[in-house]
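User: I am new to reading structures. Please take me through the helix packing and a pocket, and show me the reasoning.

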Amino acid sequence: KEQAIMKPYPPLGLLYLSAWLDQNGVENEVFDTTFSTKENLKKYLLEKRPRIAALYTNLMTKLNVIEIVRFIREQESLRNTLIVLGGPDETHNIPDYLATGVDLIVIGEGEQTMLEIAVTAVEITPFRQLHAAFESISGLAYLLPDGSVYKTPAREKIRDIDVLPFPNRHKIDLSQYLHAWKKAHG
């Protein structure tokens, strides 16, 4: 959609999470879909076989995100990938997103929650035993074995935003954004 109107913005939410993870010693990569294709993302996932796939969703990206979640779930080589979803839309549609195959939904600010997920996930196999592994992490929703939705207590907001690092803009190609704006808007 952003390509069509040529007013694309970098995925700042993911870049903030990436910077927070880097600051805390957790290796991570960012795949920016803005100027790519779903096919390239699928190839990337099959090649990298990530332990965790953290996806951002909003009302505009919902259908594409669900398609990617289903793709991950259908791949034997990605069956142990923990799918984490965050963004403004999922908070109001938790059961629907979990029904697509998402493992964890982050509710609210994601920096501290994602860090705790990443640290906890290193120690856990298989991921399907989510409750025992993640029940102590605030700001999550996931399915219990009986199919019911479980929410952990709300995550307290970060009060001093100066503790947050600047977003990891170096993990994406900013020149594509600058070129798109310049070409379409001068």
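Analyst: First a term. A pocket is an open set of grid points with protein on both sides within 12 Å along at least five of seven lines. Keep in mind that this is a predicted model.

User: How much space lies in the second largest pocket?

Analyst: The second largest pocket holds about 330 Å³ of space. Its lining has 20 residues, and the closest to the centre are L17, G86, G87, G108 and G110.

User: What makes a residue part of that lining?

Analyst: A lining residue has an atom within 4 Å of a point. By class, the lining of the second largest pocket has 11 nonpolar, 6 polar and 3 charged residues.

User: Which elements each supply at least two residues of the lining of the second largest pocket?

Analyst: They are α2, β1 (52–56), β2 (82–86) and α6. The largest share comes from α2, with 4 residues.

User: Why are α2 and α6 called oblique to each other?

Analyst: Start with the angle. The axes of α2 (residues 12–23) and α6 (residues 111–121) cross at roughly 55°. Roughly parallel needs an angle under 35 degrees, and roughly perpendicular runs from 65 to 115. The crossing angle of roughly 55° fits neither range, so α2 and α6 are oblique to each other. Their axes come within 9 Å, and the crossing is right-handed.

User: How do you know that α2 and α6 meet, and which residues are involved?

Analyst: Contact means heavy atoms within 4.5 Å. Y16, L17, W20 and L21 in α2 meet E111, Q112, M114, L115 and A118 in α6. The residues of this contact are 7 nonpolar, 1 polar and 1 charged.

User: What is the angle between α3 and α4, and what is it called?

Analyst: Helix α3 (residues 38–48) packs against helix α4 (residues 62–74) at about 30°. Angles under 35 degrees count as roughly parallel, so α3 and α4 are roughly parallel. Their axes lie 11 Å apart. The crossing is right-handed.

User: Which residues of α3 and α4 meet?

Analyst: From α3 come K38, L41, K42, L45 and L46. From α4 come N64, E67, I68, F71 and I72. This contact has 6 nonpolar, 1 polar and 3 charged residues.

Technical notes. Residues are numbered from 1 along each chain as its sequence is written. This is a predicted model: local features need pLDDT of at least 70, side-chain atom pairs count only at pLDDT 80 or more; totals for chains, interfaces and linings use all residues. Side-chain values use heavy atoms; hydrogens and water are left out. Axes are lines fitted to C-alpha atoms, for helices over the stretch in contact, and angles run from 0 to 180 degrees between N-to-C directions. Angles under 35 degrees count as roughly parallel, over 145 as roughly antiparallel, 65 to 115 as roughly perpendicular and the rest as oblique. A crossing is left-handed if the near helix is turned anticlockwise from the far one by less than a right angle, and right-handed if clockwise. Ala, Val, Leu, Ile, Met, Phe, Trp, Tyr, Cys and Pro count as nonpolar, Asp, Glu, Lys and Arg as charged, and the others, Gly among them, as polar. On a 1 Å grid over the protein atoms alone, a cavity is a set of points where a 1.4 Å probe fits but cannot get out, and a pocket is an open set with protein on both sides within 12 Å along at least five of seven lines; lining residues have an atom within 4 Å of a point. Grid points are joined across faces, edges and corners, and a volume is the space filled by probe spheres set on the points.
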